[in-house]
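Student: I have a new model open on my screen and would like to learn how to read it. Could you walk me through it?

Tutor: Gladly; let's take a look together.

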Amino acid sequence: MTVVIKVGGARAVDPAGALADVASLVADGEQVVVVHGGSTKVDETLERLGVEPEYVETPSGVVGRFTDETTMEVFEMAFGHLNTQLVAGLQSEGVDAVGLTGVDGKLLYGPRKSAVRVVEDGKKKIRRGDHSGTIKQVNGDLLETLLSDGYTPVAAPPMAGDDDGDVIPVNTDADRSAAAIAGELDATLVLLTDVAGVYADPEDPATLIEAVETATDWEALEDAAEGFMSRKIMAVEEALSGGAPEAVVADANADAPIRSALDGGGTHVHASALEQDTDQTATEEQ
């Protein structure tokens, strides 16, 4: 089994348990790819430099970072630091970890988006000067070579952005990066975050959605996802559409968080939910 694990960058997430679990899985012969975020570290660094982090809302209601040139420089610095720390942590656990950004070997590659559509004061506008991108290709050969040689890749944004023929580092979402990798490797995706999974009532942990297997289940999941969780569900959809058999949203701070997630903890979304949704859509269009 190949597992892609996304470790969150929120303040409330402690990676120690996840690192120990990665070591345990690798020792058992499993192939593991770790992907990490770091938006909190970026914001903290920007604030120390006296720069206000800027977030914008797209017409579809998704909130994301606007990455100008200064923010991009801080982004590279912050993510580089986090990547090194995670690699060192895994090596301390006995794992032969190798740090990568999406730029290395064009691990994550696609067009740069210099202009983005945003909503400000209820009006749709075009913001220019953004350093972000959309992943169109994943260098699966690079990952498979590392995995077959016994290494554990630790990957993170930035991605390699195609800017009129030049390659430049650009921002991309870490959840969606993990999803793209999971799809490429036909791997199970585990998104670790600071809650136990997706709640039917976002304010009530007792309403945890445990399994999503049908189109009806999928609709309920989409209806329940709010705020930051909507981006994770977007990543789940992209992973399953790309070839991942299953995606799990689970608590990073649980005891043995990855083992717990793989053993049934959190919210498990199966590829069958999207397959049935696709079949139903096709039938309606006939």
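Tutor: Keep in mind that this is a predicted model. Let's begin with one residue: V22 sits in helix α1, which covers residues 16-27.

Student: Is V22 buried or exposed?

Tutor: For that, we look at relative accessible area, where under 20% counts as buried. V22 has a value of 2%, so V22 is buried.

Student: Which residues is V22 in contact with, leaving aside its neighbours within four places in sequence?

Tutor: I5, V32, V34, L90, T152 and I258. Take T152 as an example: V22 and T152 are 130 residues apart in sequence, yet their C-alpha atoms are 9.0 Å apart in space.

Student: What about a residue that is partly exposed?

Tutor: Try E238, in helix α7. Its relative accessibility is 30%, and partly exposed lies between the 20% and 50% cut-offs, so E238 counts as partly exposed. Not counting residues up to four places away in sequence, E238 touches R176 and A179. E238 and A182 are 56 residues apart in sequence and 9.3 Å apart in space, C-alpha to C-alpha.

Student: Now to helix pairs. At what angle do α6 and α7 pack?

Tutor: Helix α6 (residues 215-224) and helix α7 (residues 228-242) pack at about 150 degrees, and their axes are 9 Å apart. An angle over 145 degrees counts as roughly antiparallel, so that is how α6 and α7 run relative to each other. The crossing of α6 past α7 is left-handed.

Student: Which residues of α6 and α7 meet?

Tutor: From α6 come W218, L221 and E222, and from α7 come I233, V236 and E237. By class, this contact holds 4 nonpolar, no polar and 2 charged residues.

Student: How are α4 and α5 arranged relative to each other?

Tutor: Helix α4 spans residues 140-148 and helix α5 residues 174-185; they pack at about 75 degrees, with axes 10 Å apart. The range from 65 to 115 degrees counts as roughly perpendicular, so α4 and α5 are roughly perpendicular. In this contact, α4 supplies G140, L143, E144 and L147, while α5 supplies I181, E184 and L185. Those residues divide into 4 nonpolar, 1 polar and 2 charged.

Student: And what is the angle between α2 and α3?

Tutor: About 125 degrees, with the axes of α2 (residues 39-48) and α3 (residues 69-92) 9 Å apart. These helices are therefore oblique to each other, and their crossing is right-handed. The contact involves S39, K41, V42, T45 and L46 of α2 with T71, V74, F75, M77, A78, F79, H81 and L82 of α3. Here the classes are 8 nonpolar, 4 polar and 1 charged.

Student: Let's finish with the core. How should I think about one?

Tutor: In soluble globular proteins, nonpolar side chains tend to be buried together. In this model, the largest nonpolar core has 43 residues, and V4, I181, L189 and W218 have the most contacts inside it. Helix α7 gives the most to this core, with 6 residues.

Student: Which residues is V4 in contact with, again leaving aside neighbours within four places in sequence?

Tutor: Its contacts are V33, V35, A178, I181, A182, L185, A187, T188, L189 and V190. Apart from the largest core lies another of 23 residues, including L86, V95, A97 and V190.

Technical notes:
Residues numbered from 1 in each chain as written. Predicted model: local features only at pLDDT ≥ 70, side-chain atom pairs only at ≥ 80, totals over all residues. Heavy atoms only, no water. Helix = DSSP H or I, 4+ residues; strand = E, 2+ residues; numbered from the N terminus. Buried < 20%, exposed > 50% of the residue type's maximum accessible area, 1.4 Å probe, protein only. Contact = heavy atoms within 4.5 Å. Axes fitted to C-alpha atoms, helices over the stretch in contact; angles between N-to-C directions. Parallel < 35°, antiparallel > 145°, perpendicular 65-115°, else oblique. Left-handed = near helix turned anticlockwise from the far one by under 90°. Nonpolar A, V, L, I, M, F, W, Y, C, P; charged D, E, K, R; others polar. Core = buried A, V, L, I, M, F, W, Y, C linked by side-chain atoms within 4.5 Å.
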